[in-house]
Amino acid sequence: MSESDFDVERIRADFPLLARQVHGKPLVYFDNANTAQKPACVIEAVDRFYRNSNANVARAVHTLGEEATAAYESARDRLARFINAPARDEVVLTSGTTQAINLVAYSHVLPRLQPGDEILVTRMEHHANIVPWQLVAERVGAKVVPAPITQAGELIVEEFVARLSPRVKLAAVAHVSNVLGTVNPVAVLARECRRHGVPLLVDGSQAAPHLAIDVRALGCDFYALTGHKLFGPTGTGMLWAKRAHLEAMPPFFGGGEMIREVRFDGTTFADPPHRFEAGTPNIAGFAGLAAAIDYVNALGIETIAAHEQALLAHARAALGAMPGLRFVGEAPGKAPVISFLVDSAHAHDLATLLDHEGIAVRSGHHCAHPLMQFYGVPATLRASLAFYNTHAEIDRFVAALGRVRGLLA
Ligand code: PMP
């Protein structure tokens, strides 16, 4: 399907929230990297679960318990296929990327970490891919080391590789930067990491809505993603890990659902992935996430990417023609995330004025302080696009930006 055949109006009709007004104007939702809107099929799957099937998972033999377990497990199947995982039981269901990364930090990295060891990240990471590593590193006198990036916002691969010393116990990189939109060359990094015997974790939070993900082709060890950016409910996500890693990992959270036998003289644990899924999960949320993945698959990730790239080109051309506007992040082949600065206008002031025009963009540090420090700015304005956005919305946004910056001049 070519970009001109993409029936965006039909797609928008699937997203009830997109029809609302904000401050009396039709909403333009350009904050998709923060969280994405949900199609009706996702909302209905959550609703259907609570109306018809609500029960707990994996413990009841009654019909509702079986339906709840099937709904929950269906998300594992969808996720495994979505990332081309070799096996469904390599997918641990989590509350999101943050929980997935913390699980790897405490269960995989911490037991291996010695004083003086390092965890290698990049300058462009989200705090969720920095702070968990710092917390475990501090416990043993290890440290988190950033690989540098260029002014254009690209990882300097040779510098990353140069830091893969025997001290490095894990490398962790974003597949796609939430601020810059940069798509990191994960397959290349994974190959280098393998050569140096360093496991690689990929934070796929911002890749999942835009790119086809194939963990086998990427060759990484861990892949984390979050459901709410993938048009699913909040409080859902996953960690995929190679089976050997999961089997070697001790539990992180203890409780119900993750044990084999509990005894006061020694408890034994379930096999992965259930070993890492203590307590009652967000069952309705995972029913919704399964529906979201079906929705994305039905559209087709290539079709989505073609439309988004056309939107990105349009937005960059229109914004680039504005005097005094500076892009932050200009890597070729980037995802549809546009960070920028306008003259001396503060990003928060611009975002507030744009909100009065019905336009939702994000301003701030985007949970990436070290990246802001690199660029020497406290904040950027960020427009992040999804497949339901339109060329007309971009025109409205650019026109509104021209007006509101005039108000601040
Ligand atoms: N990593 C990246 C690159 C992100 O953009 C985000 C969300 N902004 C996260 C991690 C954290 O995701 P969550 O809050 O859903 O766990």
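This text walks through a predicted model, from the ligand site to selected residues and backbone features. Residues are numbered from 1 along each chain as its sequence is written, and side-chain values use heavy atoms, with hydrogens and water left out. Local features need pLDDT of at least 70 and side-chain atom pairs count only at pLDDT 80 or more, whereas totals for chains, interfaces and linings use all residues.

The ligand sits in the largest pocket. A pocket here is an open set of points on a 1 Å grid over the protein atoms alone, where a 1.4 Å probe fits, with protein on both sides within 12 Å along at least five of seven lines. A molecule sits in a pocket if more than half of its atoms lie within 2 Å of the grid points. The residues around the ligand, meaning those with a heavy atom within 4 Å of it, include Gly 96, Thr 97, Thr 98, His 126, Ala 128 and Asn 178. Also among them are Asp 203, Ser 205, Gln 206, Thr 226, His 228 and Lys 229.

Polar side-chain atoms reach the ligand from several of these residues. Asp 203 places one 2.5 Å from a ligand nitrogen atom. For Gln 206 the partner is an oxygen atom of the ligand, at 2.7 Å, and for Thr 226 it is an oxygen atom at 2.5 Å. On its own the ligand has 400 Å² of accessible area, of which the protein covers 86%; such areas come from the Shrake-Rupley method with a 1.4 Å probe.

Asn 102 lies in helix H4, residues 97–109. Helices are DSSP runs of H or I with at least four residues, strands are runs of E with at least two, and both are numbered from the N terminus. Asn 102 counts as buried because its relative accessibility is 17%; buried means under 20% relative accessible area, exposed over 50%, and partly exposed in between, with a 1.4 Å probe and protein chains only. Leaving aside neighbours within four places in sequence, Asn 102 is in contact (heavy atoms within 4.5 Å) with Pro 132 and Phe 252.

Asp 31 is also buried, at 11% relative accessibility, but its place is the loop between strand S3 (28–29) and helix H2 (40–53). Its side chain makes a polar contact of 2.9 Å with that of Asn 34. Within protein, a polar contact is a pair of N or O atoms within 3.5 Å, one able to donate a hydrogen and the other to accept it; residues adjacent in sequence count only if both atoms are side-chain atoms. Beyond four places in sequence, Asp 31 is in contact with Ala 360, Arg 362, Arg 382 and Ser 384.

Some loops carry backbone features. His 23, between strands S1 (21–22) and S2 (25–26), has phi near 50°, a positive value in a residue other than glycine. This residue is partly exposed because its relative accessible area is 47%. Asn 84, in the loop between helix H3 (63–82) and strand S4 (91–94), has a positive phi near 55°. The peptide bond from Pro 272 to Pro 273 is cis, with omega near 5°, and Pro 273 lies in the loop between strand S12 (268–269) and H10.

Helix H10 (residues 283–299) holds Asp 294, which is partly exposed at 34% relative accessibility. The C-alpha atoms of Asp 294 and Ala 399 are separated by 36 Å, with these positions 105 residues apart along the chain.

Notes. On a 1 Å grid over the protein atoms alone, a cavity is a set of points where a 1.4 Å probe fits but cannot get out, and a pocket is an open set with protein on both sides within 12 Å along at least five of seven lines; lining residues have an atom within 4 Å of a point.
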